Amino acid sequence: MSAESPQEETEYRVSTLELFFDLVFVFTITQLTQKLADDMSPTGFGQVLLMLFVILWMYFGYVWLTNAVPPNTTLRRVLLMCGMGGFLIIALAIPSGFAAAGPAFGIGYLIVNLVHSGLFISAGGPGSAAAMARLAPFNLGSAVLVLAGGFLPPVWRAAAWFAAVVLIVMSPYVNRRHGEFRIRPVHFVERHGLVVIIALGESIIAMGIGAAGLPLNFQLVVAALLGLTLAYQLWWCHFGRDQDVRAEHSLAAMTQVERSRAALSAFGWAHVPILLGIIVVCVGIKKTIGHATEHLYLSGALALGGGAAVFLAGQVFFRHRMGIGTVRWRVIAGVVALATVPIGLWLAIAQVAALVLVFGALLAVEGRLRA
């Protein structure tokens with residue numbers, strides 16, 4: 001059937017092995033969150049952003065891989081385990097990625113790339129394998145830059161890794177025939193939803209870490225409940241009112257070429273700010289838990305308000321690209337979320353409460369519009 005018309009694909013759900021694979025990614029998110037919490041300077045944020053982008057590119061690459069190549073043979077499962085090993089090395093290297101662990105980060109990233117390209121090209125089917133064969137040199141080129149950067153001083157390492165990011169961003173547009181990738185909408189949307197759940201789960205972990213060793217008093221309980229409410233509201237923004245189901249239907253109605261382009265923009269580029277925003281909010285919640293009745297430093301207040309704004313910006317891009325809902329109120333909510341920063345400079349728990357009110361108002365307005 002022509003790629004210019006919708007094509008029926010054999011659908012399947014996310015496998016338990018893929019869920020097991022995602023457990024390693026949980027550790028990656030935890031490490032990135034802790035890295036940012038330890039260094040919230042502009043330099044620290046830039047380092048986390050560089051590492052997050054290259055990691056997400058390949059994690060999403062594995063989502064595309066298992067969407068085309070189900071891990072239903074022994075060889076495929078073994079190779080997927082090798083990819084997991086590469087991600088584990090990356091995660092272990094994150095805290096010192098711009099110090100002594102730079103080479104380990106690069107080696108892990110190269111392993112992840114080699115397994116991904118090899119399995120995709122060998123088992124992806126005629127169309128997907130051919131498209132991946134054209135994309136693989138760009139992926140491997142970025143991996144070589146990451147590996148080489150790991151052996152360089154921090155400033156040059158950042159330059160090499162930034163060059164890898166530029167190559168990654170350019171690659172789908174230089175390789176214009178990415179429309180040959182086959183996308184199974186149900187599996188694809190479900191798998192991306194799971195990574196958002198993983199990132200949201202980090203907010204619960206952040207509260208636990210922030211509360212460690214503190215007396216269980218009224219202010220701690222209130223701060224934790226507000227943090228949990230905010231995490232729930234982020235979940236509702238992404239999954240509420242069957243947004244994931246509508247995304248599946250939107251993908252299913254597209255031609256294969258349109259699906260590939262939407263998959264790249266809505267589930268690739270848009271999910272970077274969505275996940276980054278969640279991670280940054282997690283850091284802000286962690287900083288708040290132990291200092292609920294104190295003021296936050298500018299970095300902590302920006303983490304809460306700015307992280308929420310970044311998350312909503314990703315949501316706006318995602319919903320607009322998929323055509324699954326209005327975006328005006330989320331734009332307004334993002335601006336208001338950023339405006340809560342001065343509240344945090346006065347009282348930490350008050351900023352979290354203000355964000356809960358912002359998201360509550362957003363969800364109430366959208367609920368009335370949908371009704």
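These legends go with a set of close-up views of a predicted model.

**View 1. How confident the prediction is along the chain.**
Before zooming in, a word on confidence: the protein chain has a mean pLDDT of 90, and 95% of its residues reach 70 or more. The stretch to be wary of is residues 1–8, where pLDDT stays under 50. The model still gives residues 1–8 a total of 16 contacts beyond four places in sequence. Where pLDDT is low, the predicted coordinates should not be read in detail.

**View 2. Arg191 with its two acidic partners, Glu18 and Asp22.**
The structure has 3 salt bridges, and this view takes in the network that links Glu18, Asp22 and Arg191. Start with Glu18 and Arg191, whose closest N and O atoms sit 3.0 Å apart in a salt bridge. Glu18 belongs to helix α1 (residues 16–38) and Arg191 to helix α7 (residues 185–211), so this pair ties together parts that are 173 residues apart in sequence. Arg191 also makes a salt bridge with Asp22, and here the closest N and O atoms are 2.9 Å apart. Asp22 is in helix α1 as well, so its pairing with Arg191 in α7 joins parts that are 169 residues apart in sequence. Are these side chains on show or tucked away? Glu18 and Arg191 are buried, and Asp22 is buried too.

**View 3. Val26 of helix α1 beside Ala199.**
Staying with helix α1, we come to Val26. Its C-alpha atom is separated by 7.4 Å from that of Ala199, although the two residues are 173 apart along the chain. With a relative accessibility of 26%, Val26 counts as partly exposed.

**View 4. The salt bridge between Arg330 and Glu366.**
Here the side chains of Arg330 and Glu366 come together in a salt bridge, at 2.8 Å from N to O. Arg330 sits in helix α13 (residues 328–338) and Glu366 in helix α15 (residues 348–370), so the pair ties together parts that are 36 residues apart in sequence. Arg330 and Glu366 are both buried.

**View 5. Helix α2 packing on helix α11.**
Helix α2 (residues 42–68) packs against helix α11 (residues 271–289) at an angle of about 130°, and their axes are 11 Å apart. What does that angle make of the pair? α2 is oblique to α11, and their crossing is right-handed. From α2, the contact is made by Phe45, Leu49, Leu52, Phe53, Leu56 and Phe60. From α11, the residues involved are His271, Val272, Leu275, Leu276, Ile279 and Val280.

**View 6. Helix α2 again, this time with helix α3.**
Now look at α2 alongside helix α3 (residues 74–93): their axes come within 12 Å and cross at roughly 165°. Angles over 145 degrees count as roughly antiparallel, so that is the label for α2 and α3. The crossing of α2 and α3 is left-handed. On the α2 side, the meeting residues are Ile55, Met58, Tyr59, Tyr62 and Thr66. Across from them, α3 supplies Leu80, Gly83, Phe87 and Ile90.

**View 7. Arg241 and Asp242 in the loop between α8 and α9.**
Most residues other than glycine have a negative phi, and this view shows two that go the other way. Arg241 is not a glycine, yet its phi is positive, at about 55°. Asp242 likewise has a positive phi, near 60°. Arg241 is found in the loop between α8 (218–239) and α9 (243–252), and Asp242 has its place in the loop between α8 and α9 too. How accessible are they? Arg241 has a relative accessible area of 23% and is partly exposed. Asp242 is partly exposed as well, with 47%.

**View 8. Leu298 of helix α12 and its contacts, Val341 and Leu345.**
The last stop is Leu298, in helix α12 (residues 298–322). Which residues does Leu298 touch, leaving aside neighbours within four places in sequence? They are Val341 and Leu345. The C-alpha atoms of Leu298 and Val341 are separated by 7.7 Å, with their positions 43 residues apart along the chain. At 48% relative accessibility, Leu298 counts as partly exposed.

Key. Residues are numbered from 1 along each chain as its sequence is written. This is a predicted model: local features need pLDDT of at least 70, side-chain atom pairs count only at pLDDT 80 or more; totals for chains, interfaces and linings use all residues. Side-chain values use heavy atoms; hydrogens and water are left out. pLDDT is the predictor's confidence in each residue, from 0 to 100. Contact means heavy atoms within 4.5 Å. A salt bridge is a side-chain nitrogen of Lys or Arg within 4 Å of a carboxyl oxygen of Asp or Glu. Helices (H or I, at least four residues) and strands (E, at least two) are DSSP runs, numbered from the N terminus. Buried means under 20% relative accessible area, exposed over 50%, partly exposed in between (1.4 Å probe, protein chains only). Axes are lines fitted to C-alpha atoms, for helices over the stretch in contact, and angles run from 0 to 180 degrees between N-to-C directions. Angles under 35 degrees count as roughly parallel, over 145 as roughly antiparallel, 65 to 115 as roughly perpendicular and the rest as oblique. A crossing is left-handed if the near helix is turned anticlockwise from the far one by less than a right angle, and right-handed if clockwise.
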